[in-house]
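Here are my comments on the model you sent, set out point by point. Please read them with the coordinates open.

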Amino acid sequence: MEEKEDKRQQEGEQVVNPWEVSAKDGGKIDYDKLIDKFGCQRLDQSLVDRVQRLTGRPPHVFLRRGVFFAHRDFSEILDAYERGDKFYLYTGRGPSSEALHLGHLIPFMFTKYLQDAFKVPLVIQLTDDEKCMWKNLSVEESQRLARENAKDIIACGFDISKTFIFSDFDYVGGAFYKNMVKVAKCVTYNKVVGIFGFTGEDHIGKVSFPPVQAVPSFPSSFPHLFPGKDDLRCLIPCAIDQDPYFRMTRDVAPRIGYHKPALIESLFFPALQGETGKMSASDPNSAIYVTDSAKDIKNKVNKHAFSGGQESIQEHRNKGANLEVDIPVKYLNFFLEDDAELEHIKKEYGAGRMLTGEVKKRLIEVLTELVERHRRARAAVTDEMVDAFMSVRPLPNMFD
């Protein structure tokens, strides 16, 4: 069995699963403990160097700076790639809101880099069925949100000749459903309760959902894309809260004749109020949304981004900023491309020579440009383009 004892965490312990992320006693998530508990590996520098060597392009900022920090069998994917074997990418989104925040964009920005660097196909699952069951949305509203979210995903720049986007309500059936049944037969009720913490109060839709997210890991779920390629490996970029689904999948895969999917997993993107905060759709000031105006971004960063700077300028000049808790620096770590500039900011700000206002000003510039670029790209996405990405079709040039 892959997962270590996965019982519901003791009171006061940190909880990380696909529906809930909370740190111990309201503190920070302990990622070392999480890696240990989930049984995945740290993504070390040698793997980052290897990606650069194999792809011939500089590693993405999320790799260089440890945003994607953990993995399962990523080295095996690279071994296969080095031998000339191809793989495909699989990621997804649960469409529960119309507007995405920056944290939602992170897996897609990184997946686009992987698609371009390795020149491989990608399947993107929109779990409209999951959100209908968990968020108490109507079927129609879940489907509408899936299409809206697809526009934001397409705006990240995916290659239509290598990308298939599907929503569960539209696509599940046929070969995909056969694989779901094969997975479902291999997972006991006790097992699924152990992994996901379901209780007797949860409706049976929740208990039956995990196979739906499991089977895009298997190429035979997409006969229009991968006919006769049952041996194709799959790499899943995702945030680490999705790991429980794929621990289950990896446990079952060899029993039904497939490779275990490999994973590359990211940290959580912190809320503006600090790492102890949670980005919440109910609190618009907890996150920067891709729909925010330049003015919104400026206000949110200046008013709500938690600062590690000192109380007074004098004290700040003496002590310097606490970079461990400073949100503007953490956000720049995600989105400021230039390594040298980031190092300079950390050094000067940490020493007290640079003030909070200057760091926030730079962050506002970086975020405004990012959001503006995304907004322009999204405005150009038509309903016809969504239909094209979501149409069930072969992709003859997906490995070119």
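The points below take up the sheet, the helices that lie across it, two helix pairs and a few loop residues.

1. The model is a predicted one, and everything that follows should be read in that light. The sheet is open and has seven strands in the order β3-β4-β9-β8-β5-β6-β7, with mixed pairing. Its edges are formed by β3 (41–42) and β7 (163–167), each of which pairs on one side only.

2. Within the sheet, β9 deserves attention, since its two partners run in opposite senses relative to β9: strand β8 (residues 233–239) is parallel to strand β9 (residues 262–266) and joined to it by five bridges, whereas β4 is antiparallel to β9 and joined to it by four bridges. On the β8 side, C238 stands opposite E265, and on the β4 side, R72 is placed opposite L263.

3. How far is β9 enclosed by the rest of the structure? Five of the five residues of β9 are buried, so the strand is largely enclosed. The side chains of A262, I264 and S266 point one way and those of L263 and E265 the other way, and all of these residues are buried. E265, which faces C238 across the pairing with β8, is thus listed among the buried residues of β9.

4. The edge strand β7 calls for a similar description, although it pairs on one side only. Five of the five residues of β7 are buried, and it is therefore largely enclosed by the rest of the structure. T163, I165 and S167 point one way from β7, while F164 and F166 point the other way, all of them buried. The pairing of β7 with β6 is parallel and extends over five bridges, and in this pairing Q125 stands opposite F166.

5. Two helices that lie across the sheet can be placed by the strands they cover. Helix α7 (residues 139–154) lies across β5 (87–93), β6 (122–126) and β7, and runs at about 150° to β6. Helix α13 (residues 243–252) lies across β4 (68–72), β5, β8 and β9, and its direction makes an angle of about 165° with β9. Strand β5 is thus among the strands covered by α7 and also among those covered by α13.

6. Two packed helices are described by the angle between their axes and the distance between the axes. For helix α17 (residues 339–350) and helix α18 (residues 356–379), the axes come within 10 Å and cross at roughly 160°; the two helices are therefore roughly antiparallel to each other. The crossing of α17 past α18 is left-handed. E341, I345 and Y349 of α17 meet T356, V359 and R362 of α18, and the residues of this contact divide into three nonpolar, one polar and two charged.

7. Helix α18 also packs with helix α5 (residues 102–118), where the axes come within 13 Å and cross at roughly 70°, which makes α5 roughly perpendicular to α18. The contact is made by L102, L105 and M109 of α5 together with L367, L370, V371 and H374 of α18. By class, this contact has six nonpolar residues, one polar residue and no charged residues, whereas the contact of α17 with α18 includes two charged residues.

8. Is K162, in the loop between α7 and β7, buried or exposed? K162 is buried, with a relative accessible area of 9%. Leaving aside neighbours within four places in sequence, K162 is in contact with Q115, K119, V120, P121, L122, L395, N397, M398 and D400. Q115 is 47 residues from K162 along the chain, yet their C-alpha atoms are separated by 8.3 Å.

9. Finally, two residues other than glycine have a positive phi and should be checked by eye. K119, one of the contacts of K162, lies in the loop between α5 and β6 and has a phi of about 55°; K119 is partly exposed, with a relative accessible area of 40%. N136, in the loop between α6 (128–134) and α7, has a positive phi near 60° and is exposed, with a relative accessible area of 72%.

Conventions. Residues are numbered from 1 along each chain as its sequence is written. This is a predicted model: local features need pLDDT of at least 70, side-chain atom pairs count only at pLDDT 80 or more; totals for chains, interfaces and linings use all residues. Side-chain values use heavy atoms; hydrogens and water are left out. Axes are lines fitted to C-alpha atoms, for helices over the stretch in contact, and angles run from 0 to 180 degrees between N-to-C directions. Angles under 35 degrees count as roughly parallel, over 145 as roughly antiparallel, 65 to 115 as roughly perpendicular and the rest as oblique. A crossing is left-handed if the near helix is turned anticlockwise from the far one by less than a right angle, and right-handed if clockwise. Contact means heavy atoms within 4.5 Å. Ala, Val, Leu, Ile, Met, Phe, Trp, Tyr, Cys and Pro count as nonpolar, Asp, Glu, Lys and Arg as charged, and the others, Gly among them, as polar. Two strands pair if DSSP finds at least two bridges between them. Buried means under 20% relative accessible area, exposed over 50%, partly exposed in between (1.4 Å probe, protein chains only).
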